[in-house]
Amino acid sequence: MGVFLFTHTCLANVFTSFATDYQAEEDERRLLPIASNSYEEWPDGPAVGAQGAILMEAETGTILYEKNIHERLYPASVTKILTCLIGMENCQMNETVKLSKEAVFSIPRDSSNIGLDVGEEITVEQCLYGILVGSANEASNALAEHVSGTMEDFVKLMNQRAADLGCTDSHFVTTNGLHDENHYTSPYDLALIAREFFKNELLCKMSSTPTYHIPQSPTQPDEDLYINTHNQLLFEGGKYNYEYLVGSKTGFTSDSRQTLVSCAEKDGMKLICVVMREESPHQFEDTISLFEYGFSNFQKLNIAANETQYTVENNDFFETDNDVFGESKPILRINSTDNVVIPVTAVFEDLESVLSYDTESEASVASIQYMYHGVPVGTATVDLAEEKPETFEFENQTEEEEVTSDTEMESEGEKEETKQRIVFIDVKKLIFWTIMIAGFFILIFVIRAIINNYQFAKRRKIKTRHKKRKRIRSEFDDFDF
């Protein structure tokens, strides 16, 4: 008995020592510098115990808070937001996913799972819920095999999709985030993946669901599966329940420590928060603290409604009352949906901007990058007006229809007096055809000039020959024979 107590005490001391070490590490991490706090006239963000953390505005990509955002860290199960994003992009929800032996037995028994067995079948929708609510490792593997045939090929797809989203600090090896030294990412890359993930309404719903039920079926003969989340942000009435939460995914391994990716929306502003290498329950506390920091200290402003420097509408090249097209209005305009996110203490006039004509979109002719004391805060595109041709019916119109139309036109005309009318012209095509037509006339002019010059030279030669041949007058010239 004494030996047992001694052993138990030693083990308790060891665990306490480990716990103390983790706590000491977290205390040290709270002292690490916060890069965004060095921004000029930028609100100071809270100290967090995470090794790396980021708060990003989802629409503009503006980084509101950054701490070691490009450090490569182990993501653990937050890897699954990329797995589910790819699954959603490549599958229909009613497709059938079959559990293979490798999908089930390639994961440790004590790792996260929902108890699916080899040969069982569930839908893609049930699989996604199992992954996002129950963090099911075997379901992640099965979904990967369903999409790509093998987990190895799916991992290649993961790395390609991450690169497409702009990730540069990531390398994925597993579908579920089980620890591997070569499986890593960064807070910034996770935020980019999360931006795309939380654009999907169904993925938002799944990642904000605290419990999910998979009923017994011929292809899933086990008892009904009831899946419960471990994410305390989702516990209704719980200490860390967050009312503005859109969705969230947790992760943990002994090597990664706590990781958390979350999205929240308030007053039209949608924020992405990532914390990596944190200790529980501080990943929830710090996430809420960062969300509150973002919503309290920043504002979203519409660019088109505030921009005065780039007045496309007042440029005579684009707008005139006397042109070949008749009365016209702007054919270019700043995208009305583009915004900037800046501190609440700032105004739009405080922003610097750079105009660039290097744009990949065919509908845009330029872009405007906005910065606040050198910090990027949003971008607007200068777009061609969308073409919406009007149609008119001149034939087979009765007198009654004409009267009705005239009345409607008069009432509508009163409403439209204050509105701009746009002539929809494809500027690129207009310039192209103008150049082509001008080139055609120039070519004709040149050819004609060459022909005229050639004819003139020929006439001169003939005239010269005639002069040389002019004969001497004789005494018989005045007679006809």
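In this predicted model, Arg-277 is partly exposed, with a relative accessible area of 22%. This value lies just outside the buried class, because that class requires under 20% relative accessible area. The side chain of Arg-277 meets that of Glu-25 in a salt bridge, with an N to O distance of 3.9 Å. Since Glu-25 belongs to helix α1 (residues 2-29) and Arg-277 to strand β9, the pair ties together parts of the chain that are 252 residues apart in sequence. Glu-25 is likewise classed as partly exposed, at 32% relative accessibility.

A second salt bridge involves helix α1. Here Arg-29 pairs with Glu-279, and the closest N and O atoms are 3.9 Å apart. Glu-279 sits in the loop between β9 and α9 (282-297), whereas Arg-29 is in helix α1, so this contact ties together parts that are 250 residues apart in sequence. Both Glu-279 and Arg-29 are buried.

A further salt bridge connects Lys-300 with Glu-57, the closest N and O atoms being 3.5 Å apart. This pair also links distant parts of the chain, with Lys-300 in strand β10 (residues 298-302) and Glu-57 in strand β1, 243 residues apart. The two partners differ in their surroundings: Lys-300 is partly exposed at 28% relative accessibility, while Glu-57 counts as buried at 1%. Through shared partners, salt bridges join Glu-25, Arg-29, Arg-257, Arg-277 and Glu-279 into one network. The structure holds 12 salt bridges.

Strands β1 and β9, which have appeared in these pairs, belong to a sheet. Five strands form this open sheet in the order β2-β1-β9-β8-β7, with antiparallel pairing. Its edge strands are β2 (63-67) and β7 (245-253), each of which pairs on one side only. From one strand to the next, the twist averages 5°. Within the sheet, β1 (residues 52-57) and β9 (residues 269-278) run antiparallel and are joined by 6 bridges; Ala-53, for example, has Val-275 in β9 as its bridge partner. Helix α7 (residues 187-197) packs on the sheet, where it touches β1, β2, β8 (257-266) and β9. The direction of α7 makes about 35° with that of β1.

Elsewhere in the chain, helix α4 (residues 124-134) is mostly covered, with 10 of its 11 residues buried. Among the buried residues of α4 are Val-124, Gln-126, Cys-127, Tyr-129 and Gly-134. Just after this helix, Ser-135 adopts a positive phi of about 55°.

Gly-115 is placed in the loop between α3 (101-105) and β4 (121-123). Gly-115 counts as partly exposed, at 32% relative accessibility. The C-alpha atoms of Gly-115 and Ala-136 are separated by 8.5 Å, although the two residues are 21 apart along the chain. Apart from its neighbours within four places in sequence, Gly-115 is in contact with Glu-120, Glu-138 and Asp-222.

The last feature to consider is a nonpolar area on the surface. Ile-437, Phe-440, Phe-441 and Ile-444 make a nonpolar surface patch of about 410 Å². One of these residues, Phe-440, is found in helix α12 (residues 427-469). Phe-440 is partly exposed, with a relative accessible area of 49%. That value is enough for a place in the patch, because patch residues need over 30% relative accessible area.

Notes. Residues numbered from 1 in each chain as written. Predicted model: local features only at pLDDT ≥ 70, side-chain atom pairs only at ≥ 80, totals over all residues. Heavy atoms only, no water. Patch = residues over 30% accessible without salt bridge, like charges linked within 9 Å, V, L, I, M, F, W, Y side chains within 5 Å. Areas by Shrake-Rupley, 256 points an atom, 1.4 Å probe, with all protein chains shown as cover. Salt bridge = Lys/Arg side-chain N within 4 Å of Asp/Glu carboxyl O. Helix = DSSP H or I, 4+ residues; strand = E, 2+ residues; numbered from the N terminus. Buried < 20%, exposed > 50% of the residue type's maximum accessible area, 1.4 Å probe, protein only. Pairing = 2+ DSSP bridges. Axes fitted to C-alpha atoms, helices over the stretch in contact; angles between N-to-C directions. Contact = heavy atoms within 4.5 Å.
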